[in-house]
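Trainee: I should like to go through the terms used for this structure and the values behind them. May we begin with the helix packing?

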Amino acid sequence: MTIAKVCTIAGSAARGGAGIQADLKTFQELGVFGMSAITAMVAPHPETKQGIFIQPLEVIEAQLSTIYEQGDIAALKTGMLFSKEIIEYVASWLQSTAIQHIVVHPVMFGKAGSTLLDFDAMDTLKTKLIPQAKIITPNMPEASYRLGGAEINSLAQLKEAARALFELGPQYILVKGGRLQDAAVDVLYDGNTMMLLEAPRIDTIHTNGAGCSYSAAITAGLANGLSMKESVIQAKKFVTAGIRRAIPFEKVAGMIDHRAFKKYGEDEVTLYNS
């Protein structure tokens, strides 16, 4: 029995719901073998209050070298990279590989608005990494920032954002509308066709890790031979099921349940052309 190998390059989230931890749980649930390179440790220190501990480049280089020695990486995603130096290294490393399916989750801001990407690194992400992507998966604040602060509060503005972001060079854009007021609608655009994925809005604050898991699910789908459209639909169902049965925490927003899609399925996601 063979299993597709995938890789995530991202930060480690100590609570276990986002980052590397969310990616590996998603990979496991969707039937691919996940490998990981950790770029940073994310956990608030109780005394210093420092929350992000960046790994040295040589540590990231060692991890990626070890992973690529295994060969046959069917798909790869990037998450939190944080610094200009890390982005430049990862972008250069990717150019030296034969990996075809690259999913870029352009992590910039946390759920509570915390900055997860050094502002000096944002242009590097735009010019070095995004053009290599098969797909990028920004949420509304990330898309807005990438477009110079353009207002995104409606479906029409989501569509305009998708068109503008496509000009940065990826093959597909997925702009996630989870912060819209009504249904949770995402826009998938390939430069010609614009597709809308809609799920009912679930009244919960427990959505930690949803963005990480969404992009990881797309990565798994591509690795398993699904088309981009099929991968995104499966990923939307995976995340919707996980939010519907989220795991609450007492002091912070809880996590999506990565077991939910396999265990219960998800029937309330629809796709239609715009």
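Mentor: Certainly. In this predicted model, helix H7 (residues 210-223) packs against helix H8 (residues 228-244) at an angle of about 145 degrees, and their axes are 8 Å apart. The crossing of H7 past H8 is right-handed.

Trainee: Which residues of H7 and H8 make the contact?

Mentor: H7 contributes Ala210, Ser213, Tyr214, Ala217, Ile218, Gly221 and Leu222. From H8 come Met228, Ser231, Val232, Gln234, Ala235, Lys236, Phe238, Val239 and Ile243. These residues divide into eleven nonpolar, four polar and one charged. Gly counts as polar in this division, and Gly221 belongs to the contact.

Trainee: Why is Thr8 called buried?

Mentor: Buried means under 20% relative accessible area. Thr8 has a relative accessible area of 0%, and is therefore buried. The residue lies in strand E1 (residues 5-13). Apart from residues up to four places away in sequence, Thr8 touches Ile20, Asp23, Leu24, Phe27, Met35, Ser36, Ala37 and Lys77.

Trainee: What makes the pair of Gln63 and Ile38 a polar contact?

Mentor: The cut-off for a pair of N or O atoms is 3.5 Å. A polar atom of the Gln63 side chain lies 2.7 Å from the backbone nitrogen of Ile38, so the distance satisfies that cut-off. Gln63 itself is in helix H2 (residues 57-69). Leaving aside neighbours within four places in sequence, Gln63 is in contact with Ser36, Ala37 and Ile38.

Trainee: How do you know that strands E8 and E9 pair?

Mentor: Pairing requires at least two bridges. Strand E8 (residues 184-189) and strand E9 (residues 194-199) have six bridges, in the antiparallel sense. Leu188 stands opposite Met195 in E9. In the hairpin of these strands, with four residues between them, Gly191 takes a positive phi near 95 degrees.

Trainee: What pairs E9 with E10?

Mentor: Four bridges, again in the antiparallel sense, join E9 and E10, and the requirement is at least two. The bridge partner of Met195 in E10 is Asn273.

Trainee: Why is E9 described as largely enclosed?

Mentor: Five of the six residues of E9 are buried, so the rest of the structure largely encloses this strand.

Trainee: Which strands stand at the edges of the sheet, and why are they left with a free side?

Mentor: The open sheet has ten strands in the order E3-E2-E1-E4-E5-E6-E7-E8-E9-E10, with mixed pairing. Strand E3 (52-54) and strand E10 (270-273) stand at the edges; each has a single partner strand, so one side of each lacks a neighbour in the sheet.

Note on methods. Residues numbered from 1 in each chain as written. Predicted model: local features only at pLDDT ≥ 70, side-chain atom pairs only at ≥ 80, totals over all residues. Heavy atoms only, no water. Helix = DSSP H or I, 4+ residues; strand = E, 2+ residues; numbered from the N terminus. Axes fitted to C-alpha atoms, helices over the stretch in contact; angles between N-to-C directions. Left-handed = near helix turned anticlockwise from the far one by under 90°. Contact = heavy atoms within 4.5 Å. Polar contact = N/O pair within 3.5 Å; in protein donor to acceptor, adjacent residues only side chain to side chain. Buried < 20%, exposed > 50% of the residue type's maximum accessible area, 1.4 Å probe, protein only.
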